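Subject: Structure handover

Hello,

Here is the structure I promised to pass on. My notes on it follow below.

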Amino acid sequence: MNKRNRLTAAALALASVVVMMTGCGGASGQVGVKTSGSTMTVTQEANPTTGYSWTVEIEDPSVIELTDDTYKSSDAELGSGGVEIFTFKARSEGTTHIYLTYGQHWEGGTTDSVTTVTVQVEGSKIVNAGSVTESVTAPVTG
């Protein structure tokens with residue numbers, strides 16, 4: 001194999017690794033969770049130009065509610081990704097799970113990842129929102 005073919009093969013292999021690591025939908029899986037008293041924000045990377053979007057399911061909506069969902073592009077370039085910021089507010093004491101599913105939400109679409117955030121509310125304050133897990137299989141909820 002000559003030098004040019006070796007370089008081409010190496011470039012293709014590197015591109016394949018990058019695609020596998022980032023996923024088809026453009027979300028890298030980096031989750032940001034911040035709490036402040038009775039509110040919490042969860043920030044997820046997103047790129048709606050790919051046909052992928054986030055959906056939110058709250059296991060027990062009596063404990064916490066979604067109050068805002070905002071997308072912010074990382075720059076003005078067409079097709080560039082950004083972040084989606086979900087804001088939640090404590091409603092009553094208890095512990096619940098929030099499932100954020102990133103995928104193509106139509107018949108025959110795919111699920112890229114599911115992020116689960118465990119939230120504990122005491123009084124009117126969110127006291128624990130640090131347990132975050134990710135999977136590629138959607139949760140089964142009642």
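S73 is partly exposed, because its relative accessible area is 42%, which falls between the 20% and 50% cut-offs. This residue sits in strand β4, residues 64-73. Leaving aside neighbours within four places in sequence, S73 is in contact with S80, G81 and G82. Its C-alpha atom is 8.7 Å from that of A46, and the two residues are 27 apart along the chain.

T101 makes a useful contrast. T101 is buried, because its relative accessibility is 13% and the cut-off for buried is under 20%. It lies in strand β6. Beyond four places in sequence, T101 touches S53, W54, T55, T111, S113 and V114.

Now the overall picture. Please keep in mind that this is a predicted model. Mean pLDDT is 77, and 72% of the residues reach 70 or more. Two stretches need care. Over residues 4-26, pLDDT stays under 50, and the model has 11 contacts there beyond four places in sequence. Over residues 138-142, pLDDT also stays under 50, with five such contacts.

The chain has one helix and eight strands. From the N terminus, the helix comes before the strands: α-β-β-β-β-β-β-β-β. Of the 142 residues, 27% are buried. The accessible surface is about 8500 Å², and carbon and sulfur atoms hold 53% of it. Take the contacts with a separation of 6 or more: 58% of them join residues 24 or more positions apart.

Next, the hairpin of β1 and β2. Strand β1 covers residues 31-36 and pairs with β2 in the antiparallel sense, over six bridges. One of the residues involved is K34, whose bridge partner in β2 is T41. Two residues lie between the strands of this hairpin, and G37 takes a positive phi near 65 degrees.

Which residues touch the most other members of the largest nonpolar core? They are M40, I64, F88, I98, L100, V119 and I126, in a core of 19 residues. The elements that give two or more residues to this core are β2 (39-46), β3 (53-58), β5 (82-90), β6 (94-103), β7 (111-122) and β8 (125-135). As background, nonpolar side chains tend to be buried together in soluble globular proteins.

I98 is worth selecting in your viewer. Residues up to four places away in sequence are not counted here. I98 touches M40, V56, E57, I58, I64, F88, T115, T116, V117 and V119. Among these, M40, I64, F88 and V119 are also named with I98 in the list of core residues that touch the most other members.

Last, the aromatic rings. How many aromatic pairs are there? The count comes to two. W54 and Y102 form a tilted pair, 4.6 Å centre to centre, with 40 degrees between the planes. This pair links distant parts of the chain: W54 is in strand β3 and Y102 is in strand β6, 48 residues apart. Are these two residues buried or exposed? Both W54 and Y102 are buried. Ring pairs also bring in Y52, which forms a cluster with W54 and Y102. W54 appears again among the contacts of T101.

Best wishes

How values were computed
Residues numbered from 1 in each chain as written. Predicted model: local features only at pLDDT ≥ 70, side-chain atom pairs only at ≥ 80, totals over all residues. Heavy atoms only, no water. Helix = DSSP H or I, 4+ residues; strand = E, 2+ residues; numbered from the N terminus. Buried < 20%, exposed > 50% of the residue type's maximum accessible area, 1.4 Å probe, protein only. Contact = heavy atoms within 4.5 Å. Areas by Shrake-Rupley, 256 points an atom, 1.4 Å probe, with all protein chains shown as cover. pLDDT = per-residue confidence, 0-100. Core = buried A, V, L, I, M, F, W, Y, C linked by side-chain atoms within 4.5 Å. Pairing = 2+ DSSP bridges. Phe/Tyr/Trp six-rings, centres within 6.5 Å; stacked < 30°, edge-to-face > 60°.
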